Amino acid sequence: MANTERTPGVVAGRLAAEALAENFGDLHEPFDAHEAMVAADRCYFCYDAPCITACPTSIDIPLFIRQIQAGQPEGAAKTIFDQNILGGMCARVCPTETLCEEACVREAAEGKPVEIGRLQRFATDTVMVAGSHPYARAPETGKKVAVVGAGPAGLACAHRLAMYGHKVVVFEARSKPGGLNEYGIASYKTVDGFAQAEVEWLLQIGGIEMVYDHKFGTGDLTLESLTDEYDGVFLGMGLAGVNALRAEGEDHAHVRDAVDFISELRQAANVGTVPVGRDVVVIGGGMTAVDAAVQSKLLGAEHVTIVYRRPRARMSASEYELHLATSKGVRIITGAAPTRLMGNDHVTDIEFAYTEEGPDGLKPTGETFTLKADQVLKAIGQHLDGTPGAIRLDGGKIAVEGPGRTSLDKVWAGGDCASGGDDLTVTAVAEGRDAAEDIHRTIC
Ligand SMILES: Cc1cc2nc3c(=O)[nH]c(=O)nc-3n(C[C@H](O)[C@H](O)[C@H](O)COP(=O)(O)OP(=O)(O)OC[C@H]3O[C@@H](n4cnc5c(N)ncnc54)[C@H](O)[C@@H]3O)c2cc1C
Ligand code: SF4
């Protein structure tokens with residue numbers, strides 16, 4: 001008999017193929033041309049527009065919306081790409097509800113912002129579907145820059161440097177580019193292989209050599225070798241290390257990192273082959289926790305619970321994301337920390353202690369409760385995987401000043417691995433771009 005939502009244990013194929021296809025379809029349907037016009041008409045084209053200030057890449061939002069309204073989506077796309085070459089992905093994954101759309105004056109006045117994210121997608125898709133690339137490379141400068149990591153930060157940096165005519169070599173540890181766009185972002189935010197299509201489109205600029213399956217920090221791929229051989233080095237390797245739970249019984253079977261679970265899901269040709277528990281408990285309070293929980297539910301888990309150790313207001317996932325989770329049937333418990341994972345070889349239950357925040361930090365109240373759990377997903381943050389050479393760190397990340405300058409000459413850093421800024425795709429793009437501008441100024 002086929003598995004169902006009630007099949008005990010961690011199993012694949014809890015839902016029929018049609019239900020899975022529906023569950024993992026596009027979260028937001030794209031606008032057609034008429035819908036885009038109607039949405040663009042709502043923009044007031046504000047002077048000193050607060051939406052621009054709220055965008056980490058400072059896209060001229062009223063200008064691109066005006067271009068859509070004037071029937072020039074290609075011009076609108078160029079306005080976006082000038083600031084954010086991954087504008088297509090950001091249109092899909094940006095938490096606009098806490099960025100541009102939160103700042104939109106129509107949100108303040110009416111509680112309904114201009115739908116900037118969907119308009120951005122309409123414009124960028126128009127150009128990308130046509131396959132045209134609106135930038136030409138400047139003549140070769142003879143300068144060479146090494147980029148470590150083919151995530152949003154590394155790709156944005158590489159594209160801008162290539163545009164200026166520098167030769168760029170990107171060293172990527174995995175066999176595919178895209179970073180968390182390919183391995184981390186929830187499936188329903190970026191469907192139909194968009195992450196790979198976007199990288200292929202970006203590489204049309206030319207002058208960028210991609211070197212896969214090469215992990216910086218191993219063999220002779222070191223900071224010393226790169227600074228010897230290249231005029232500049234950009235580090236954009238994200239946060240590849242995953243934090244431990246530090247609770248008794250963490251080594252039981254079916255206790256795994258949420259990012260690995262999501263990555264398996266993103267790489268599966270058929271999501272129905274990914275095993276999921278009947279009672280899934282996700283520990284954490286950020287986007288990763290929400291994505292793991294929602295996707296467990298969409299795979300057919302009967303009960304999915306997110307447990308976060310601090311109050312709800314301290315969760316880094318936005319209210320929109322939390323609402324999405326509850327709308328899919330995910331339960332959220334806050335103010336509770338895991339103390340013990342129980343079971344013989346594999347986990348069966350997990351015990352939590354209620355917590356309270358006081359002047360000395362978080363403390364257990366002494367009251368505990370237990371949840372049934374045949375699968376536990378840990379989403380309690382990532383860290384830098386090893387320290388690159390003698391570089392200065394700040395709070396466990398690479399310390400940077402201004403446009404990504406590190407403590408070492410010729411070395412820049414940006415994205416999640418660098419200090420400052422939110423861990424968001426759009427912030428990584430902004431930091432990669434700004435570092436590229438600084439590298440260009442420095443090496444020319
Ligand atoms: C599960 C999850 C969901 C998320 N959802 C969203 C979302 O919906 N919206 C949003 O805005 N942000 C989201 N984020 C955050 C966003 O994905 C990151 O902020 C962004 O990807 C950071 O880009 P980056 O280029 O700095 O790092 P990454 O995307 O992590 O890319 C780093 C690249 O470097 C490579 N690398 C690592 N170590 C080495 C090495 N030693 N040598 C060579 N290459 C190396 C990696 O393989 C990877 O390709 C999410 C994050 C996670 C974990
Ligand atoms: S704040 Fe809103 S209305 Fe004003 S320019 Fe930006 S998108 Fe348009």
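Two strands count as paired here if DSSP finds at least two bridges between them. Everything in these close-ups comes from a predicted model.

**View 1. A three-stranded open sheet.** Strands 10, 11 and 12 make up this open sheet, lined up in the order 10-11-12 with antiparallel pairing. Strand 10 (336–343) and strand 12 (361–372) sit at the edges with a single partner strand each, so one side of each has no neighbour in the sheet. Ignoring direction, neighbouring strands here are turned by 20° against each other on average.

**View 2. Where strand 11 meets strand 12.** Zoom in on strand 11 (residues 347–358) and you'll find it joined to strand 12 by nine bridges, with the two running antiparallel. Look for glycine 358, which faces glycine 361 of strand 12.

**View 3. The second largest pocket.** This pocket holds about 470 Å³ of space. Its lining takes in 23 residues, and the ones nearest the centre are His28, Thr96, Glu97, Glu101 and Tyr320. Helix 6 (87–93), helix 9 (116–130) and helix 16 (319–327) are the elements that each give two or more residues to that lining. Sorted by class, the lining has 10 nonpolar, three polar and 10 charged residues.

**View 4. The surroundings of ligand 2.** Cysteines in the shell around ligand 2 are Cys43, Cys46, Cys51 and Cys104. Also around ligand 2 are Tyr44, Ala49, Pro50, Pro62, Val105, Val114 and Ile116. By class, that shell comes out as 11 nonpolar residues, with no polar and no charged ones; cysteine and tyrosine count as nonpolar in this scheme.

How values were computed:
Residues are numbered from 1 along each chain as its sequence is written. Chains are lettered from A and ligands numbered from 1 in the order in which they are written. This is a predicted model: local features need pLDDT of at least 70, side-chain atom pairs count only at pLDDT 80 or more; totals for chains, interfaces and linings use all residues. Side-chain values use heavy atoms; hydrogens and water are left out. On a 1 Å grid over the protein atoms alone, a cavity is a set of points where a 1.4 Å probe fits but cannot get out, and a pocket is an open set with protein on both sides within 12 Å along at least five of seven lines; lining residues have an atom within 4 Å of a point. Grid points are joined across faces, edges and corners, and a volume is the space filled by probe spheres set on the points. Helices (H or I, at least four residues) and strands (E, at least two) are DSSP runs, numbered from the N terminus. A residue is near a molecule or strand if one of its heavy atoms lies within 4 Å of it. Axes are lines fitted to C-alpha atoms, for helices over the stretch in contact, and angles run from 0 to 180 degrees between N-to-C directions.
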